[in-house]
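Below is a set of questions and answers on one structure, written for a reader who wants each value tied to its residues.

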Amino acid sequence: MHVTGTVPPPAPASQEPPAAPAPDDGRHARRFGLPVATALVMGNIIGGGIFLLPASVAPFGTVSLLAFGVLTGGAIALALVFGRLAARDPRTGGPYVYAREAFGDFAGFLAAWAYWITTWVSNAALAVAAVGYLDVLIPVNDHRWTACLAALVIQWLPALANLAGTRYVGAVQLVSTVLKFAPLLLVAVGGLFFFDPDNLGPFNASGGSGIGAVSAAAAILLFSYLGVESAAVSAGEVKDPRRTVGRATVIGTAGAALVYLLGTLSVFGTVSHDRLVTSTAPFSDAVNAMFGGAWGGWAVALAALVSMTGCLNGWTLLSAQTPYAAAKDGLFPAVFARRRRGVPTVGVGVTVVLASLLTVYNYTSGSAKVFEVLVLVTTFTATVPYLLATAAQIFHLVSGQGEKVDRARLVRDGVIAAVAAAFSLWLVAGAGYAAVYQGVLFLFAGVLVYAVMAARGRRAEGTGAPRTEESAAPRTEESAAPRTEGPTAP
């Protein structure tokens, strides 16, 4: 296939979808079942942000709970879209695979490029935020370089777990998800028994309209729902992906939303509104209000560290999967297609190095605003693959490609896709003008990379030389699914 941006000819409606990839027989590689795939989704959605969310939305009043409801509906619609797309094409890469199959190489590259930026910038942000919680347990913020070193260690530990193989990635993800939910559920469920309506404060404390308050609160909460695509991106490592990816995505998204909503409601009801608005550790304040004493800060700090470590573990895997899929098609440098023990090791290494450099820059520049803008950029860059994947689903529904559906299913899937598209556009609006401006610059830089890769591919085709190890020949029904390699020499 030529490396161009043209739309490939539509396949016959009766064409069978690509086969699921064969399992990796490596000793350190293991395919994920429903529990681990669900933990991957929930663990990536719920990072450290939940520990600050109640205080972040408290200035808007309890109307922010409505924003949770609206966002949850949009996130679940997006999850359903990913489930349907994964059932049609269960290959590793998620949005990249869906965009490229529907609209061609250029759309696929944009999805892969934008998603890759999202992952490594988010990893740097999580590591820096984790240092704040680590400081509660072990003083590290007294010196800039001590804090920087702690942030780098927090990033590299999950990276090493990834390099050890997918069996260890799944184990770390499952254990960290279980451990971090214990204290979260303690507040989310236990706080209901200490709930005092007098602590809620005004319904709309923003001073503006109710709709404006909901939109403003939603803009803050939007970043918290990134990660719904986690199982789809790693579909090649999931057992029976046609069924498991959709179920894990919906269950994981709904579970994360339930924890968000109950946790925020419990904190609202246990901490007075005036105090919550200025709180820097709302869950600690809630635990202290429930049981007395000052041990809540320690417990919540430990839970936050576990949460962020598990989140970094999952995002590190995802950061390598999309470039891996794109590299196999000649749209990323071929080195990203190397796998060892079921993991694209070069992708993991490059991602953790870039995130580390960004972390060092954050500490040496001394400017938090620059880093905050970069974090908001991830909200925008994540919407690029979201919108392209949703557009691919709409394309298949309207054109009849990939599956035969009855009228009832067509209408249902069409409504879900429309809601998911609206949710993705809302993500763009919530990112803000500065983030969209910076994000577009990142995307334009990717266009230059695509130009180089396309030129190399065209030249290789002209000389008869293969572009990469695995993408020299066009994909056919027999070769639609990528090979899953066993252990290779380092």
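Q: Which residues of α12 are buried?
A: This is a predicted model, and in it α12 is mostly covered, with 7 of its 10 residues buried. G292, whose phi is positive, near 75 degrees, follows the helix. The buried residues of α12 are P282, F283, S284, D285, A286, V287 and M290.

Q: Is T278 buried or exposed?
A: T278 is found in the loop between α11 (273-277) and α12 (282-291), where a polar atom of its side chain lies 3.2 Å from the backbone oxygen of R275. Although T278 and P59 are 219 residues apart in sequence, their C-alpha atoms are 9.1 Å apart in space. Because buried requires under 20% relative accessible area and exposed requires over 50%, the 62% relative accessibility of T278 makes this residue exposed.

Q: What is the relative accessible area of S64?
A: S64 is found in helix α3 (residues 64-88). Leaving aside neighbours within four places in sequence, S64 is in contact with V57, A217, L221 and F268. S64 is buried, and its relative accessible area is 0%.

Q: Which helix gives the most residues to the largest nonpolar core?
A: The largest nonpolar core has 122 residues, and those with the most contacts inside it are I46, F51, Y98 and F332. With 20 residues, the helix that gives the most to this core is α5 (residues 105-137).

Q: What is the angle between the planes of F332 and F336?
A: F332 is buried at a relative accessible area of 2%, and F336 also counts as buried, at 8% relative accessibility. Both belong to one aromatic cluster, together with F106, F109, W113, W116, W120 and Y450. Their rings lie 5.6 Å apart, centre to centre, and since planes over 60 degrees apart count as edge-to-face, the pair is edge-to-face at 85 degrees.

Q: Which residue forms a salt bridge with R100 across 229 residues of sequence?
A: R100 is buried, with a relative accessible area of 12%, and one of its salt bridges is with D105, where the closest N and O atoms are 2.8 Å apart. A further salt bridge of R100, at 3.3 Å from N to O, is with D329. That pair links distant parts of the chain, with R100 in helix α4 and its partner in the loop between α13 (296-328) and α14 (345-365). The partner counts as buried at 4% relative accessibility, and this residue is D329.

Q: How many residues apart in sequence are the parts that D413 and R84 tie together?
A: D413, buried with a relative accessible area of 3%, forms a salt bridge with R84 in which the closest N and O atoms are 3.4 Å apart. R84, R412 and D413 are linked in a network of salt bridges. Because D413 lies in helix α16 (residues 407-431) and R84 in helix α3, the pair ties together parts whose separation in sequence is 329 residues.

Q: Which helix has the lowest confidence, and at what mean?
A: The mean pLDDT of the chain is 75, and 79% of its residues reach 70 or more. Over residues 1-30 the pLDDT stays under 50, although the model has 85 contacts for them beyond four places in sequence. Where pLDDT is low, the predicted coordinates should not be read in detail. Among the helices, confidence is highest in α4 (residues 95-103), at a mean of 89, and lowest in α7 (residues 166-190), at a mean of 69.

Terms used:
Residues are numbered from 1 along each chain as its sequence is written. This is a predicted model: local features need pLDDT of at least 70, side-chain atom pairs count only at pLDDT 80 or more; totals for chains, interfaces and linings use all residues. Side-chain values use heavy atoms; hydrogens and water are left out. Helices (H or I, at least four residues) and strands (E, at least two) are DSSP runs, numbered from the N terminus. Buried means under 20% relative accessible area, exposed over 50%, partly exposed in between (1.4 Å probe, protein chains only). A polar contact is a pair of N or O atoms within 3.5 Å; within protein, one must be able to donate a hydrogen and the other to accept it, and residues adjacent in sequence count only if both atoms are side-chain atoms. A nonpolar core is a set of buried Ala, Val, Leu, Ile, Met, Phe, Trp, Tyr and Cys residues joined through side-chain atoms within 4.5 Å. Contact means heavy atoms within 4.5 Å. pLDDT is the predictor's confidence in each residue, from 0 to 100. Rings of Phe, Tyr and Trp (its six-membered ring) pair if their centres lie within 6.5 Å; planes under 30 degrees apart count as stacked, over 60 as edge-to-face and the rest as tilted. A salt bridge is a side-chain nitrogen of Lys or Arg within 4 Å of a carboxyl oxygen of Asp or Glu.
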